[in-house]
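Dear colleague,

Please find below the structure that I am handing over to you. My notes on what was found in it follow directly after.

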Amino acid sequence: YGYKKKIISFEPMKSAFLELKKQSDKYSLWEVENLGFGKENYFEFLNISKNSVSSSISQVLETSTNINPDTKFISRERIKLISLNEYLSNNKFRDKKIFVKIDTQGFEKNIILGAEKVKDKIKGFMVELSIVKLYSSEALFNEMIALLNKLGFELWSIERGFSNKNTGQTLQVDAIFINKNE
């Protein structure tokens, strides 16, 4: 869409990584890595959903599968996770300001907690926030806003995300938080 600077995308699921890598090869400033983020460094199992976009480390709840049966998990894949603390401590990010987009189906809090030591390098976050619990261990809207505020980020913008097509109820939103020191 006209963005001309460096983009680094992360995709832990092998099939999605390969597709993203193929797309990114068209752009010299787009780098794709086959890993995910968490509070610390370790290996975990990713639950793969039928629609793939609802895949998550957390368990999907009936709240989600009743609304969209394609969110049901059909397989698992072992993935590597590292913390943003470790990743952004690399010298190539020394003088960079970073914008982080997180869409991890209920695992967002873990990623943000893994960025506490490098939060000053982060200009902003775009985070998918659930209003209704869709995954077993996810932190909901209010808890995530409080956490990001505590870390020095203020809510800047909200956009409607996943909704119940039968009732019109908004279940998730995409929210942008900007570092208060910017």
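Glu-31, once its neighbours within four places in sequence are set aside, is in contact with Lys-6, Ile-7, Ile-8, Ser-9, Tyr-87 and Lys-92. Please bear in mind throughout that this is a predicted model. The residue belongs to strand β2, which covers residues 30-33. One of its partners, Ile-7, stands 24 residues from Glu-31 in sequence, and the two C-alpha atoms are 6.2 Å apart in space.

As to the overall fold, the protein contains 5 helices and 9 strands. Followed along the sequence, these elements give the pattern β-α-β-β-β-α-β-α-β-α-β-α-β-β. The radius of gyration is 16 Å, close to the 16 Å that the globule rule gives for 182 residues, so the protein is as compact as a globular protein of that length. The C-alpha trace spans about 45 × 35 × 35 Å along its principal axes. Of the contacts between residues at least 6 apart in sequence, 65% join residues that are at least 24 apart.

Turning to the surface and the interior, buried residues account for 41% of the 182 residues. The accessible surface amounts to about 10700 Å², and carbon and sulfur atoms hold 50% of it. Among the side chains, 28 are positive and 23 are negative, and the centres of these two sets lie 3 Å apart.

In soluble globular proteins, nonpolar side chains tend to be buried together. In this model, the largest nonpolar core has 36 residues, and those with the most contacts inside it are Leu-88, Ile-112, Ile-122, Phe-125 and Leu-129. Two or more residues come to this core from each of β4 (42-49), β5 (73-82), α3 (84-88), β6 (98-102), α4 (108-113), β7 (122-130), α5 (141-150) and β9 (172-179). Apart from this core lies another, of 5 residues, among them Val-60, Phe-73, Leu-134 and Tyr-135.

Two residues illustrate how the chain meets itself in this region. Leaving aside neighbours within four places in sequence, Ile-112 is in contact with Ile-102, Phe-125, Val-127, Met-144, Leu-147, Leu-148 and Leu-151. Leu-148, located in helix α5, has a relative accessible area of 0% and is therefore buried, the limit for that class being under 20%. With the same neighbours excluded, the contacts of Leu-148 are Ile-112, Phe-125, Val-127, Phe-153 and Phe-177. By contrast, Lys-14 is 134 residues from Leu-148 in sequence, and their C-alpha atoms are 30 Å apart in space.

Strand β9 supplies a further example in Gln-172. With a relative accessible area of 3%, Gln-172 is buried. Not counting residues up to four places away in sequence, Gln-172 touches Gln-105, Glu-128, Leu-129, Ser-130, Ile-131, Leu-134, Arg-160, Gly-161 and Phe-162. The C-alpha atoms of Gln-172 and Val-132 are separated by 7.2 Å, although these residues are 40 places apart along the chain.

Glu-159 lies in strand β8, which comprises residues 153-160. Is Glu-159 buried or exposed? Its relative accessibility is 53%, so Glu-159 counts as exposed, a class that begins over 50%. Beyond its neighbours up to four places away in sequence, Glu-159 touches Val-173 and Asp-174. From Glu-159 to Glu-128 the separation is 31 residues in sequence and 9.5 Å in space, C-alpha to C-alpha.

Finally, I draw your attention to two backbone angles. Gln-105, mentioned above as a partner of Gln-172, has a positive phi of about 50° although it is not a glycine. This residue is placed in the loop between β6 and α4, and at 7% relative accessibility Gln-105 counts as buried. Ser-52 likewise is not a glycine and has a positive phi, near 65°. Ser-52 sits in the loop between β4 and α2 (62-67), where it is partly exposed, with a relative accessible area of 33%.

With kind regards

Terms used. Residues are numbered from 1 along each chain as its sequence is written. This is a predicted model: local features need pLDDT of at least 70, side-chain atom pairs count only at pLDDT 80 or more; totals for chains, interfaces and linings use all residues. Side-chain values use heavy atoms; hydrogens and water are left out. A nonpolar core is a set of buried Ala, Val, Leu, Ile, Met, Phe, Trp, Tyr and Cys residues joined through side-chain atoms within 4.5 Å. Buried means under 20% relative accessible area, exposed over 50%, partly exposed in between (1.4 Å probe, protein chains only). Helices (H or I, at least four residues) and strands (E, at least two) are DSSP runs, numbered from the N terminus. Contact means heavy atoms within 4.5 Å. The radius of gyration is taken over C-alpha atoms; the globule rule is 2.2 Å times the number of residues to the power 0.38. Accessible areas come from the Shrake-Rupley method with a 1.4 Å probe; for residues, only the protein chains shown count as cover. Lys and Arg count as positive and Asp and Glu as negative; His and the chain ends are not counted. The place of a charge is taken as NZ of Lys, CZ of Arg, CG of Asp or CD of Glu.
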